[in-house]
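Work through the exercises below with the model open. Try each task before reading its solution.

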Amino acid sequence: MCVLPPSGATPAAAGEDVCARGGLAGARVSASAKIRHDDYAYARVETSLTVEVPAGWKHAKALLLSRESWAYNHAMTCLTGQWPAWSEFRPQPPVVTTKKDRIKVVRQGHSWLNWDRSDMDVGTWHFRAEAGAWVAVTLRPPPALAGSRWDRVTMDPGPPGVETAEPPPTAKEGASTLVWRPEKAVQSAPAVTVSVRPPWETECATAGLAGARVDTSVEFQHADRTHTKVETDLTVDVPINWKHAKALLLSRESRAYINAMACLTRLSEEQQAPRWSELRPHSPVVTTREGRVKVVYQAHSWVNRYQEDIDVGIWRVRAKADVWTATLMPPTALADSRWDRITVDPGPPGAETAEPPPTAKEGTSTLVWRQRDESAPSPPAVSVSLKPSWQRLWAAQNDRLTAAKLDTLGGLLWTLTMSGLLLRAAFLFRKRTSLRTPRQKLTLRNLELWAFTVVALFLLIRADDLIRQYDQASDSWWLDDALLRGHVFALAAAALLFSFAKPPRSIWVAVALLMLPPLATMTLPEVFGLCESCTGTWEGSSFALASQTTASCCLLALTVLGFVAVAWRLAVDAGLLPKSRRPAPSGQRRDRVLQLRIAGPAVVVSTLLVALCYALTEERNWQRATWPINRWTDEYKASHLEDFVWESVWSTDHGQEWILSYSWMLTTVALLGVLRTWRASTQVPLNDRADRLLFLTFFPVAVAIGGGRLGNALPEVLWIPLYMLALYAAVGPLRRHAVLRQRFEGSVRYLTEGIGPNARRDLLKKARIYRETHAELRRLDQGLFGDKPPERARLERALDRLHTWPASGPSAGTYRIPEAVSVVDAALALGPRDNWWDNGVRGARLALIPGLPAAVLGVWSGSVRGEAWQDTFTDLLGIPGMVLEVLYWVSTWVGAGFVLGALWRILPGRRGAIKALPVASAFALPMALDALFGWFTQEGAANLALYASTMLFVLTVTGIALDLDTFRTERRFWQSRLGLLLSVYQMRYYSLQVAYLIGQVIALITIWKFFAEPSATPPDGDK
């Protein structure tokens, strides 16, 4: 910044020569300016001014005083100018030296030049830039030095040099430095003005690419995926003397690099068009060798758009109903280059037509074009048509309105079927004649209401999608129309959630406050700059973006809070949550109430984190889609802002649909509430008709993972009856082999009839005696008792007495447990708790231990491994979706643990690891059908084997943990649970269990290593 006199200085009178200019006639001046292009977004400007003044100048002695003095500041202002230079920075104060009868002042300054728009003074130079096309640099000498002798003026603009210069320079030094030396007779500053172009150029200099050599390929990959993947490769070998060749070696963020890449990879008329469907595994690879620069550009996309151009690399794919086409779209700058090799692999069954005829064929379907004749057109206008299988043709039409209707129909059928089962179960429970408790009435009423609510929620969140697709197909929609429709449906869904939840008053106040921003933006879009239909034209603004982002965040917070409120009501009404610590006035402990002071901050933090991930991913997608576009223009910035505003509008229904897609968890809570409060006093839930229907319904809701095929949800409804039948078929016929289904010796009574919950304590005592007696027998066989060993006959009689059992019930008496069943087997068959519900709850809690790492494995295999990570980090909700995916898998494993524990007493096998097999089979059988269906539709199914083996591992560990928990009262007598487990299982069983678990781990690793595959899919979105 220029140094100004202090504010207390007396102003000069009009016409007064305050700088004593006459004394500066003998001064000698030199000035220089230099533009450094270290950063192509902002260049560094460096200036220098050197003035040698005679010692007789009036203010010369003042230059030797303190820099804080008035005289020094006044003298320095005379020499350097009287205007403030706010954008200027100085490395140090002006340097003042004396030599003989002269005083020398050297002043240096620097600043940064924005090529798009700058208007600034640096030292004695003025810089003005507009639109990134040119920069005007003008010398502005201080008025006091107008009559001095200017010995030398230099201007170094850096490459590519000065466009125009007035007056013409007298000399040139180096590559671009211009020099002005006035004649000796001239005693005035030269009026230097130069025009400087930026270090890049938008022209591609196609003449320099005549010696470039080009290879390109495109491959269609149809197998083991829903949508066909298109992979392209472009290799360009350019001579080093091409004008932009060295720019390819610069930073990928530099302007010159972006312009050079756009020349090599885009048509000139399409260089400013974003490509949302194109993804790149990495940035183009640039290498140099023997005076040439080689660029390898790889990209891929999916054929998932009907009757739309899909640009990937330098190829354009278009999918019609019965045939696809792939057309080479060579960059304009490479029109005169030599195209050595062009390959097209359409995949099976091969190409339908190819123009021009290929010169060769490789493999089963790869067509090759080689340019052999120098006079042939370069490049050839390659166009290939292909007809893939009907499965890929169908999947490519998923964005059609008809396919969207079928997808919605599939989801609606699933929801209606599930709701019908819930209502049927509620009807069976109401037919019971027993007296109903208030909690039973609440849970059954909740189940019935939720069966209708979940259907209404589904219709609300999917109706918006169908209307949007219809508008897009007819091209008759505006920004404010999309905003209004999205907010109306989102607010209706939120109102439905809260009307069911009936939260406390404080929650209602928060709901009202959260509804205000979306109501304001939807009713007054013109106030917030969101009304496109008002004028027919619309430009995004920061205020519009901030307003709509606030409204979208409020709607997302409403949805999350409503989801939590519904889950809270279902859980509290069913007694699934512990009572409050604060007793009621009557002394009884009250049900817990959803507190805004806890739920509010949690919802706000989660909403902000989701919004942050959403914005960061959208920015990353924008940079990916526009990477070869000039990002320093006003049009680019306007498009960038407009894209963010549109995404904030779309995020309303995207976010709500994402949250409510997990409404099956709320259905699970409603199911568990009724099962807990209405369960019949039977050994297992399959013995009662109402319990059986609701319990079997729980399995496909909470545990099943079957989905749609070919990108359509229409087959999803099939998995509900299939999983229900699989569970019943895997357990029902085998229940006669369960330990408690064996008969007492010489009796028709089953063990389950004589060994009830009240006999648990006696049975556990006998089981301990049994294990201790067997331990004595083993030591006796090994000769470890010394001189007085116990009598084997006595020990055997003790074991025999343990099989005598006083059975209770209507046929009370003394019975004998069959010889094939030990008292340890009978104790383990009862499970750790006294009824099937408590056993199920215990199984769910114990399944959480192996379920957490298994959930991480499921997320890693489906969202991170291989190609899947790119899909995850491209999806706007991919990163927060991974968190909910962990919750999804944990719920799946925990739900399976509940089923294992609830069915524990009728499962075959004497140890938990064997009891896990029927439940794991019930999970795997529908998955095998799903895999068969996937084979028919030619989609990947390898991950299904990983999920089935993981389920078996989780249930095996849970079964062993349930066995261990059965003898939990003996835990204090053992140093570790491992010792107790060894005592319960004995050595033979223990070794088998360890070997069984190790075998499962090896199977998991094998499937993970050789068979599992990532479920990479096209990125979601409407672009």
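**Exercise 1. Locate proline 167 and proline 356, and describe the peptide bond before each.**

Solution. Start with proline 167: it is found in the loop between β9 (162-166) and β10 (171-173). Strands here are DSSP runs of E, at least two residues long, and helices are runs of H or I, at least four long, numbered from the N terminus. A cis peptide bond joins glutamate 166 to proline 167, with omega about -10°. Next, proline 356 sits in the loop between β21 (351-355) and β22 (360-362). Glutamate 355 and proline 356 are also joined by a cis peptide bond, with omega about -10°.

Two notes on the source apply throughout. This is a predicted model, where local features need pLDDT of at least 70 and side-chain atom pairs count only at pLDDT 80 or more, while totals for chains, interfaces and linings use all residues. Residues are numbered from 1 along each chain as its sequence is written, and side-chain values use heavy atoms, with hydrogens and water left out.

**Exercise 2. Place glutamate 290 and glutamine 307, then state whether each is buried, partly exposed or exposed.**

Solution. Take glutamate 290 first. Its loop runs between β15 (285-289) and β16 (292-302). Phi is positive, about 50°, although glutamate 290 is not a glycine. Glutamate 290 counts as exposed because its relative accessibility is 72%. The cut-offs are under 20% relative accessible area for buried, over 50% for exposed, and partly exposed in between (1.4 Å probe, protein chains only).

Now glutamine 307. It lies in the loop between β16 and β17 (309-312). Glutamine 307 is not a glycine, yet has a positive phi of about 55°. At 33% relative accessibility, glutamine 307 counts as partly exposed.

**Exercise 3. Find the disulfides and describe where their cysteines lie.**

Solution. Search for pairs of cysteine sulfur atoms within 2.5 Å, the criterion for a disulfide. The structure holds two.

- Cysteine 19 is joined to cysteine 78, S to S 2.1 Å. This pair links distant parts of the chain, 59 residues apart: cysteine 19 is in the segment before β1 (28-36), cysteine 78 in helix α1 (residues 70-80). The link is left-handed, with -85° about the S-S bond. Both cysteine 19 and cysteine 78 are buried.
- Cysteine 204 and cysteine 263 have sulfur atoms 2.0 Å apart. Cysteine 204 is in the loop between β12 (193-196) and β13 (213-221), and cysteine 263 is in helix α2 (residues 255-265), 59 residues apart. Cysteine 204 is buried at 14% relative accessible area, and cysteine 263 is buried at 1%.

Finally, check cysteine 554. It is in no disulfide; the nearest cysteine sulfur, that of cysteine 553, is 7.1 Å away.

**Exercise 4. Which residues touch the most other members of the largest nonpolar core?**

Solution. Define the set first: buried Ala, Val, Leu, Ile, Met, Phe, Trp, Tyr and Cys residues joined through side-chain atoms within 4.5 Å. The largest core has 130 residues, and Leu694, Phe695, Leu727 and Leu903 touch the most other members. Helix α8 (residues 542-573) supplies the largest share, 13 residues. Then follow leucine 694. Not counting residues up to four places away in sequence, it touches several residues, including Leu422, Phe429 and Leu671. Contact means heavy atoms within 4.5 Å. A second, separate core of 50 residues includes Val295, Val303, Ala354 and Trp369.
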